[in-house]
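Have a look at the chain below before reading on. The notes that follow go through charged pairs, strands and packing, one topic at a time.

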Amino acid sequence: MKRLQSGKFWMKLISGGTLLFASAFAAKYFLLSWLFSPENLRRAADEAVAGTERRVRFVENGVSTAIFPRPTVTLKQVELTQPGGAGTQMRAEEMRLGVGWASLFGEPRIEKWVFVRPVVFLTRDAAGEWNVRDLLAKQSGAAVDRIIIEDGRVLVDTPQHRHVLEGVGLNINNADDEQTQIKAEGRLKTPLWENETQWKLQGVLHRSGGSWQMPEMALTGSSRYRDAELAFRFTADTLWQRRGNNIRFTQAGLQLDIPAYKLHLNAEAPALNAAAGGLSARSANAVLTAQWDDAQWDATLSAKDIALRPGSLAVEQALLNGSRKTAATQTAFTLDTAVNRSGADWVLPALKLTTRLDNLTGNPRPRLVSELDGSWTYRNGSWEGRLKGQLDREALALKAAYTPAADKQPARLNADLRLDKLSLSPYLESLPADSAAAYPAWLQKPGAPEIEADIAVKTLQSPNLEINNLATRLQADRERIVLPDFSAELYNGVMEGGISMAATTPPTYRLQQYARNINIRPLMQDLFRYGNISGRGDAEIDLTAQGTGRAGLTRTLSGTLELNLSKGAWHGVNLNRALQNLLGSQPVQTDGNSATPFERFTMSSSIGKGISRHDKAELHSDTFRIELTGATDFNTMTLNERLKLYPAGGQGTPVPLIIRGKPDNLSVTLDYKGLTEGLANAEEKQQALERAIREQWQWLNNAKPAAPPANAKP
């Protein structure tokens with residue numbers, strides 16, 4: 001307290017303060033004015049780029065200085081030219097150089113070097129050389145402690161693309177020491193990726209002779225894939241050798257996460273070498289897991305002898321093992337191939353592909369079991385491939401070629417498939433029992449190709465059907481799928497014609513077939529679920545239906561059906577026995593085991609809304625000839641037929657019958673109205689009925705005319 005009251009103390013304090021202020025004033029207005037004079041700044045700038053044929057420009061009347069916290073000079077509109085001074089290599093709105101106090105009296109040392117909103121232009125030529133290699137090789141004339149970039153922009157031009165770094169922030173501490181701390185961040189825009197990428201880099205740089213080393217370098221960032229967020233992290237021990245301009249990454253690791261797809265990728269490489277714009281590795285491995293489309297995806301990838309250069313890629317061997325797992329199935333696949341890329345062209349010269357699909361529930365029988373060899377080539381947006389080997393242990397050969405859309409022409413996919421045998425049973429088991437195929441959604445997506453394929457299958461098996469020597473063309477686009485030239489051996493005969501599916505809502509189907517010498521019963525069962533006609537012969541079919549299930553398709557079924565059969569039977573009714581019972585006033589028995597054999601049967605029917613109608617179809621047997629007029633409702637599986645039975649020789653009065661009901665439980669009655677139609681009175685009607693009964697009784701018993709039994713009443 002006494003000291004604060006001392007006049008000498010305050011005199012010393014005021015004198016010291018005045019001296020310090022005077023020194024600072026002198027430093028700013030005399031020493032700094034001399035040190036940071038335009039002449040000295042120009043001389044220092046020229047020395048910094050000496051031998052590079054570059055120039056440093058700045059606005060000389062825009063130079064300002066500050067003394068605290070360190071002597072600092074601020075330059076406006078700074079520009080570094082390209083060699084020769086013609087173009088700009090770098091420009092900054094402002095550059096601040098802060099030097100240490102010791103620099104005023106000894107060796108210069110830059111304590112803080114700040115670039116505000118700089119723009120840097122970097123170019124890499126086809127040989128992998130950068131346009132700043134002369135600056136990187138030049139030794140600095142002054143020691144530098146900190147380098148800071150605020151809101152920078154870097155434009156990187158390669159022979160194929162321009163990449164832009166924006167919002168760049170850089171902080172380098174101990175820049176001239178053997179160990180330098182580096183932190184950087186920014187945003188990347190590149191034509192190689194559709195979305196902007198945020199990134200951060202940090203590490204400690206070690207200098208040793210002509211090399212730089214950054215152990216545990218870490219590059220992290222985030223971006224978007226489609227509409228999903230992604231994050232990545234790349235770590236490695238990094239070594240840069242000035243001689244040869246080589247960068248070596250050891251213990252390199254990449255992690256990639258897309259939470260929306262539950263996707264996690266971990267990739268590792270013991271060593272990566274970057275030189276002359278290229279990247280090479282003796283080996284690399286990756287593990288991938290993902291959840292997508294209600295399925296769990298897992299994959300491992302290993303690669304050997306990788307060489308990535310500007311415009312090219314070569315991989316001696318890439319082995320991909322993957323699986324896709326749902327609640328009901330698991331699909332495993334492997335792809336073993338070499339990979340070559342030149343420019344935009346890709347070649348897999350000799351690939352091996354295996355697949356296997358297993359059921360996790362139900363029938364354990366595997367399917368899609370393949371072992372295939374082939375090749376694949378991609379050029380200018382077009383590709384073609386070949387595969388040959390086995391599918392489900394049967395020989396397969398496939399060729400395919402794709403051409404992209406051009407000159408207002410849609411993309412096209414052409415293919416040729418040859419297969420010895422395919423069993424559809426394992427593939428149909430997973431489908432609902434009462435379903436029809438929906439129109440493929442991918443065919444209606446923008447850019448989907450038009451498809452044309454030649455298909456040949458020697459044997460195609462389903463649970464109830466075997467097709468042999470199937471040959472057809474497949475044509476498909478966003479509006480229609482057509483098999484215009486379908487031919488096959490099935491139903492023990494030959495079928496030819498066309499099959500189509502239209503992309504209406506719901507889908508519309510059309511079947512146009514001419515069948516020769518076929519077994520008609522399984523065909524009728526497959527088409528209509530009606531199996532009460534058997535025999536062999538010809539059929540002409542033209543049917544259209546619209547729907548997504550069996551019931552809907554049947555309700556909309558329309559078209560025509562013509563049959564010409566021989567040596568068959570009408571199942572569900574024995575007309576010979578039924579007529580005897582009717583004439584003898586006995587009850588008529590019908591069941592699924594009853595049948596009426598015939599020598600020939602012809603029918604021409606029109607179908608609408610699932611109901612088949614026909615006039616005067618004919619059935620010929622040893623006993624009689626029958627004319628049938630009526631309808632079959634495939635929706636309810638009921639018959640409503642009016643029959644006229646004539647004697648086999650054509651003589652006599654026909655007997656009319658009415659048959660109604662389900663095919664396995666038919667009701668058979670005499671058509672009294674039809675028998676007496678056109679007669680004037682009851683007596684004539686009675687006589688006609690008695691005459692018909694007498695004649696029919698003779699037919700049935702193959703005997704001479706005789707009186708009918710006493711109980712044969714109308």
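Counting salt bridges in this predicted model gives 27 of them. The idea behind such pairs is simple: side chains of opposite charge can pair when their charged atoms come close. Three pairs are set out here, with the N to O distance and the relative accessibility of each partner.

| Pair | N to O distance | Relative accessibility, acidic partner | Relative accessibility, basic partner |
|---|---|---|---|
| Asp-305 and Arg-282 | 2.7 Å | Asp-305, 23% | Arg-282, 65% |
| Asp-358 and Arg-356 | 3.0 Å | Asp-358, 22% | Arg-356, 35% |
| Glu-599 and Lys-567 | 2.7 Å | Glu-599, 34% | Lys-567, 62% |

Take the pair of Asp-305 and Arg-282, joined by a salt bridge of 2.7 Å. It ties together distant parts of the chain, with Asp-305 sitting in strand S14 (residues 295-309) and Arg-282 in strand S13 (residues 278-292), 23 residues apart. How does Asp-305 count in terms of accessibility, buried or partly exposed? Its value is 23%, so Asp-305 counts as partly exposed. Arg-282, on the other hand, has 65% and therefore counts as exposed.

The bridge between Glu-599 and Lys-567 also has its closest N and O atoms 2.7 Å apart. This one links distant parts of the chain too: Glu-599 belongs to strand S29 and Lys-567 to strand S28, with their positions 32 residues apart in the numbering. Glu-599 is partly exposed because its relative accessibility is 34%, while Lys-567 is exposed at 62%.

As for Arg-356 and Asp-358, their side chains meet at 3.0 Å, N to O. Both ends of this bridge are partly exposed, with 35% for Arg-356 and 22% for Asp-358.

Salt bridges can also chain up. Arg-153, Glu-166, Arg-187, Lys-189 and Glu-196 are linked by them into a network.

Next, a polar contact that involves a buried residue. Thr-190 is part of strand S7 (residues 179-190). Its relative accessibility is 14%, so Thr-190 counts as buried, the cut-off being under 20%. The side chain of Thr-190 makes a polar contact of 2.7 Å with that of His-163.

Arg-248 is another residue worth a stop. You'll find Arg-248 in strand S11 (residues 246-258), where it is partly exposed because its relative accessibility is 36%. Which residues does Arg-248 touch, leaving aside neighbours within four places in sequence? They are Asp-237, Thr-238, Leu-239, Ala-271, Leu-272 and Asn-273. With Asn-273, the contact includes a polar one between side chains, at 2.7 Å. Leu-272 lies 24 residues from Arg-248 in sequence, yet the two C-alpha atoms are 5.7 Å apart in space.

For strand pairing, look at S1 (residues 56-66) and S2 (residues 72-81). These strands run antiparallel and are joined by six bridges. Thr-65 has Val-73 in S2 as its bridge partner. Five residues separate S1 from S2, and the two strands form a hairpin.

Now to the packing. The largest nonpolar core has 68 residues, and the members that touch the most others are Ile-520, Phe-528, Tyr-530, Trp-570, Leu-575, Phe-601 and Leu-643. Strand S27 (residues 533-546) is the top contributor to this core, giving five residues. Another core, of 43 residues, lies apart from it and includes Val-49, Met-95, Ile-172 and Ala-252.

Back in the largest core, Leu-643 makes a good example. Beyond residues up to four places away in sequence, Leu-643 touches Trp-570, Leu-575, Ile-626, Glu-627, Leu-628, Val-655, Pro-656, Leu-657 and Ile-659.

Helix H5 (residues 520-528) has four names on its buried list: Ile-520, Leu-523, Met-524 and Phe-528. Why do these residues sit on the same side of H5? They cover an arc of only 95 degrees around the axis, so they end up on the same side of the helix. That fits the general pattern: an α-helix has 3.6 residues a turn, so residues three or four places apart point the same way. The buried residues of H5 pack against strands S25 (493-502), S26 (508-519), S27, S28 (558-571) and S29 (595-608), and against helix H6 (550-555). Right after H5 comes Arg-529, with a positive phi near 60 degrees.

Methods. Residues numbered from 1 in each chain as written. Predicted model: local features only at pLDDT ≥ 70, side-chain atom pairs only at ≥ 80, totals over all residues. Heavy atoms only, no water. Core = buried A, V, L, I, M, F, W, Y, C linked by side-chain atoms within 4.5 Å. Buried < 20%, exposed > 50% of the residue type's maximum accessible area, 1.4 Å probe, protein only. Contact = heavy atoms within 4.5 Å. Polar contact = N/O pair within 3.5 Å; in protein donor to acceptor, adjacent residues only side chain to side chain. Arc of directions from axis to C-beta. Salt bridge = Lys/Arg side-chain N within 4 Å of Asp/Glu carboxyl O. Pairing = 2+ DSSP bridges.
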